[in-house]
Amino acid sequence: MSVGPRARRLLPPIAAMVIVVAALWPLTHPIMGVGDTFQFWFAGHLVATGISPYDRSAWTAAESTYGPRAANVAMACADPDSGACSWVYPPATGWLLAPFGAAGVDAGLPAVDGFVLATAFVGVITAVLLFGPVAAGARALVLVTVVASHPFVYDVHVGHFIGLELLGVVGVAYGLRERRDWPLVLGGLVLSLTPHLFIILVPLVAVALVARRRWRAITLCAAALAALVVAGALLEPAAFPTILQRAGPKAGLTWSTPWALAQLVAPTAPLVLYVALVGLAALAAIAVWRTAPPEDRDLALIAAGTGLSLTATPYAQPYDLLLLVPAIAFIARAASRSRAPHRAALLATLPILYVGGTWFPLIATRLWEDSNSALALVPVVVLALAAVASATARPRAIGSVA
């Protein structure tokens, strides 16, 4: 079977991406059964065996059955009343994981890890194809930058499905730009698995749909989400009371958020620094959207809205910064329309920012009481760079960078 010209152009960038992942495999390979892998398998296992994943007693008993594989769960549940010892994902997340949980632990854990790696790969590639430049060289740069970054490595390492959420963002962006309803609906359903990460993006998309009078898309999205909520309430009656009760303590583990950083850097007046960081990110996001050319306005809305959501979310982990891939790719897209000096500077800044910026705080841990909190600066700086890239771009064809 012959490979078309478009596919041949994609092979070198994807090959470069695979080479980097292989080189980083000692860091990237999954920690079998530890990290989030066991947590997600076990949640699916509880659903598959008819036990509610919102039953904390099941989580506290996991170590007695599964030993070291449940080490992270046992550590989180050392205090059964802590926010960490709670399943606060929507019911649909457990249903998604049930096929993995139906398999035994020996087969189920590798299956979860394979799913995480596959969705991370596909999510990154599709995001770069949709949001990024056409030129193979620029695409290769973005792909290599992403897979060498800490969010990608850490995501695959601990086994979280943030790559699937990235695919949801791609679906929403494609459905919005191409006026396709079902990609928008499916993407929205995926985003509902971790709604706290999209608290700005979802309202922005809703406003855009209303402004364009896309009533069918609005109806389908609302009906699909309502069906999930009703099914969750009927099949998992403990879900929503548990989430409402336990999400607060869980959010207290703020990790990589501007609020956590503000509390660390300015403990006497954290609100001032927090408002300044979120305000700067908001101004940059508005600038990205306003300066984008009409044909890229929808992509700018999604890229900027996703990045802004990461600054406003009450809870984030370092791997959640993988959702910045649309903004990173959009910077390269805008850079491809910039004059040569600006283009070179912008493209050279990408790996420094997204690779260096996500690894440095974790390497130089002695500089920080909590290195994860320092990562909250990354979305703000990425949005600022996207605003600069969009403002310096010229209205001409994309793809001049080889």
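This is a short tour of helix pairs, two loops, a cavity and a pocket, with something to select at each stop.

Before starting, know that the model is predicted: local features need pLDDT of at least 70, side-chain atom pairs count only at pLDDT 80 or more, and totals for chains, interfaces and linings use all residues. Residues are numbered from 1 along each chain as its sequence is written, and side-chain values use heavy atoms, with hydrogens and water left out.

**Stop 1: H8 and H11**

Select helix H8, residues 105-131, and helix H11, residues 162-178. Helices here are DSSP runs (H or I, at least four residues), numbered from the N terminus. The two pack at an angle of about 30°, with axes 7 Å apart; axes are lines fitted to C-alpha atoms over the stretch in contact, and angles run from 0 to 180 degrees between N-to-C directions. That makes H8 roughly parallel to H11, a term for angles under 35 degrees. H8 passes H11 in a left-handed crossing, meaning that the near helix is turned anticlockwise from the far one by less than a right angle (clockwise would be right-handed).

Now show side chains. Among the residues in contact (heavy atoms within 4.5 Å), Phe 115, Val 122 and Leu 130 belong to H8, while Leu 164, Val 170 and Tyr 174 belong to H11. By class, this contact has 13 nonpolar, four polar and one charged residues. Ala, Val, Leu, Ile, Met, Phe, Trp, Tyr, Cys and Pro count as nonpolar, Asp, Glu, Lys and Arg as charged, and the others, Gly among them, as polar.

**Stop 2: a cavity beside H8**

Stay with H8 and add Leu 10, Pro 13, Ile 14, Ile 125, Val 128, Leu 129, Arg 139 and Leu 143, which line the largest cavity. Helix H1 (5-23), H8 and helix H9 (136-147) each give two or more residues to this lining. On a 1 Å grid over the protein atoms alone, a cavity is a set of points where a 1.4 Å probe fits but cannot get out, a pocket is an open set with protein on both sides within 12 Å along at least five of seven lines, and lining residues have an atom within 4 Å of a point. The largest cavity holds about 50 Å³ of space, a volume being the space filled by probe spheres set on points joined across faces, edges and corners. Its lining has seven nonpolar residues, no polar and one charged.

**Stop 3: two arginines in loops**

Which loop holds Arg 179? Look between H11 and H12. Its phi is near 55°, a positive value in a residue other than glycine. Next, pick Arg 213 in the loop between H13 and H14, where phi is also near 55°. Most residues other than glycine have a negative phi.

**Stop 4: H12, H14 and a pocket**

Select H12 and H14, which pack at about 30° with axes 9 Å apart and are therefore roughly parallel. Their crossing is right-handed. Gly 188 in H12 and Cys 221 and Leu 225 in H14 are among the contact residues.

Those three residues, with Ser 192 and Val 202, also lie nearest the centre of the second largest pocket. This pocket has a volume of about 570 Å³ and a lining of 24 residues: 22 nonpolar, two polar and no charged. Helices H7 (91-102), H12 (181-191), H13 (201-211) and H14 (215-235) each supply at least two of them.

**Stop 5: H19 and H22**

Finish with H19 (325-335) and H22 (377-392), whose axes come within 8 Å and cross at roughly 20°. Phe 330 in H19 and Leu 385 in H22 are among the residues that meet here.

Conventions. Angles under 35 degrees count as roughly parallel, over 145 as roughly antiparallel, 65 to 115 as roughly perpendicular and the rest as oblique.
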